[in-house]
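This report examines a single protein chain through its strand pairing, its charged side-chain pairs, its cysteines and one helix crossing. The sequence and coordinates follow.

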Amino acid sequence: MSILKLPPLLAPPIQSALEQHTGLLHQLAKAFGSPVHVMFPESIQRNIHNFQTVLEKRSVEGHILYALKANKSAVAADVSANAGIGLDASSLAELRHGLAHGAPGSRIGITGPIKDARLLSLAALHGCLVTIDALSELISFKNLLNRLDASAQPRILLRWRPASQDTSRFGMPKAELDECLQLLASSPRLKLEGFSFHLGGYSIEERAQGIVYLAAALERARNAGFSCTKLNIGGGMTVSYLEAGTWREFLTKNAPELFHSGRTFADFYPYHTDFPGHQFLARLLDWPLSHGGTVAEMLRYKRLCLLLEPGRSLLDQAGITLFRVRGMKRSNHGHGIVTVEGSSFSLSEQWFNSEFLPDPLLLKAPGNTQREPVLACVSGSTCLEQDMVSWRKIAWEATPEPGDLLVYANTAGYQMDSNESAFHHNPIPEKIAVFQTPRGVVWVRDNEFSSLDMADGLHPGGQHV
């Protein structure tokens, strides 16, 4: 059997934590239980800055809205609000979360499918930008306005569904969009600000084509008397977790024998991309159009405002997940099964019937001396046969022992909390923010974090390392 090593890409904050603060990581896992999620707010700040720089260099008017669904942490919402970008909320609780962390309603977008009346009413009262997903939703929203204060002036986008995505449950075909425009013509309280789309997959070309189509739709709407300028392209900007050669080797050698119980998976996230994060946006804006020029040039010429909703890509390298090892047993097929405290619900690719591929890193506990290499998968501690944190057999350079830590890197984007539950009456894992301040490295609980702490290091509940 081929033994694959899939070492994760590590940015400076994570590398520093692993090299200089292993004692802190052991301390956090011991104090708060396992698993524990560690967030690095500086990484989020860096990612926001990189996206903003791409827009500024091309003189494109644009607004970034962090997709709250990617991670429920206070850190991500607080850093985004304090950086002056917007938030993308898809539930009443997410909207309240965003408002509580300082984002004004004018910088919050409301997406998702058919939305609850309570969400729509709060969004209208706060001046949020609401994406309408169907004609029926628009009619319901219009009727809801009769029950709201006259000061509520809802701002909306209409979501288009391209023919290439005809199986998607999001958006409307052109005929339904036209019906919405007819209804809006007689609904002065509903202000149309533009159009949006929600595309599955990660094709840059398809997004460029979608922008061209909606730019033409915006022009037609303007000619019909609507004052609208906004074009929302959603998210789907990929992140690289592995080096290119490592990812290619996996795709070449991928086979059931690499996984515990011969498990197979239908699909994997593209764990390497040539255009990660803000480079994806740069490539999109520089995309050449068939009639000449680039996407960026067209947006400038038509005076359009581009909205984007990155989630995973704003959280790139912004978090790690720590699992404490309980012990290891041998399977009947020769490989080991490392059991950790916690479950695969805290590493959520199983939601997509897939696997989080980068190798976890082993941090030995003080006094643990077992250095024999071993091939072993990783299981959770629940009473479910399917509770595997890593189905793939990992080539460990030393045998994991009780008290050791397994570190899964770059888990902030969709990995660490999408599926978490209190199964077996276990508590929801804690999130801890670790960051550099003028007074040194500090950690605080996620729900106690404030971006102000990063400037002065004076948080009353903060702990200096």
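How many bridges join β1 to β16, and do the two strands run parallel or antiparallel? Three bridges join β1 to β16, and the two strands run parallel. The model discussed here is predicted.

## Strand pairing around β1 and β10

Within the parallel pair, Met39 of β1 has Ala433 of β16 as its bridge partner. Strand β1, residues 36-39, is also joined to strand β10, residues 319-330, by four bridges, and here the direction is antiparallel. Two residue positions illustrate the register of this antiparallel pair. Val36 stands opposite Leu322 in β10, and His37 has Thr321 in β10 as its bridge partner.

The side chains of β1 are divided between two directions: Val36 and Val38 point one way, whereas His37 and Met39 point the other way. All four of these residues are buried.

Strand β10 takes part in further pairings. Five bridges join β10 to β15 in an antiparallel arrangement, with Arg324 standing opposite Leu405 in β15. Another five bridges join β10 to strand β11, residues 336-340, again antiparallel. In this pair, Val325 has Val340 of β11 as its bridge partner. The connection between β10 and β11 is a hairpin with five residues between the strands. Gly334 lies in the turn of this hairpin and has a positive phi of about 95 degrees.

## Salt bridges

Side chains of opposite charge can pair when their charged atoms come close. A search of the whole structure finds 18 salt bridges. Three of them are set out below with their N to O distances.

| Basic residue | Acidic residue | N to O distance |
|---|---|---|
| Arg58 | Asp286 | 2.9 Å |
| Lys115 | Glu137 | 3.0 Å |
| Arg445 | Glu430 | 2.5 Å |

What do Arg58 and Asp286 form through their side chains? The side chains of Arg58 and Asp286 meet in a salt bridge, at 2.9 Å from N to O. Arg58 lies in the loop between α3 (41-57) and β2 (62-67), while Asp286 lies in the loop between α11 (278-285) and α12 (295-301), so the pair ties together parts that are 228 residues apart in sequence. The two partners fall into separate accessibility classes: Arg58 counts as buried because its relative accessibility is 18%, and Asp286 counts as partly exposed because its relative accessibility is 37%.

The salt bridge of Glu137 with Lys115 has its closest N and O atoms 3.0 Å apart. This pair links distant parts of the chain, with Glu137 in helix α7 (residues 135-144) and Lys115 in the loop between β4 (108-110) and α6 (117-125), 22 residues apart. Both Glu137 and Lys115 are buried.

In the third tabulated pair, the side chains of Arg445 and Glu430 meet at 2.5 Å, N to O. Arg445 belongs to strand β17 (residues 440-445) and Glu430 to the loop between β15 (405-409) and β16 (431-437), so this salt bridge ties together parts that are 15 residues apart in sequence. Arg445 is partly exposed, with a relative accessible area of 32%. Glu430 is likewise partly exposed, with a relative accessible area of 25%. Elsewhere, Arg155, Lys191, Glu193 and Lys230 are joined into one network by salt bridges that share partners.

## Cysteines

How many disulfides are counted? With a cut-off of 2.5 Å between cysteine sulfur atoms, the count comes to zero disulfides. Cys180 is in no disulfide, and the nearest cysteine sulfur, that of Cys228, is 13 Å away. Cys180 counts as buried because its relative accessibility is 0%. Cys383 is also in no disulfide; the nearest cysteine sulfur belongs to Cys377 and is 17 Å away. Cys383, in contrast to Cys180, counts as exposed, at 68% relative accessibility.

## Crossing of α3 and α4

The axes of α3 and helix α4 (residues 74-82) come within 10 Å and cross at roughly 40 degrees. That angle makes α3 oblique to α4. The crossing of the two helices, α3 and α4, is right-handed.

Note on methods: Residues are numbered from 1 along each chain as its sequence is written. This is a predicted model: local features need pLDDT of at least 70, side-chain atom pairs count only at pLDDT 80 or more; totals for chains, interfaces and linings use all residues. Side-chain values use heavy atoms; hydrogens and water are left out. A salt bridge is a side-chain nitrogen of Lys or Arg within 4 Å of a carboxyl oxygen of Asp or Glu. Buried means under 20% relative accessible area, exposed over 50%, partly exposed in between (1.4 Å probe, protein chains only). Two strands pair if DSSP finds at least two bridges between them. Axes are lines fitted to C-alpha atoms, for helices over the stretch in contact, and angles run from 0 to 180 degrees between N-to-C directions. Angles under 35 degrees count as roughly parallel, over 145 as roughly antiparallel, 65 to 115 as roughly perpendicular and the rest as oblique. A crossing is left-handed if the near helix is turned anticlockwise from the far one by less than a right angle, and right-handed if clockwise.
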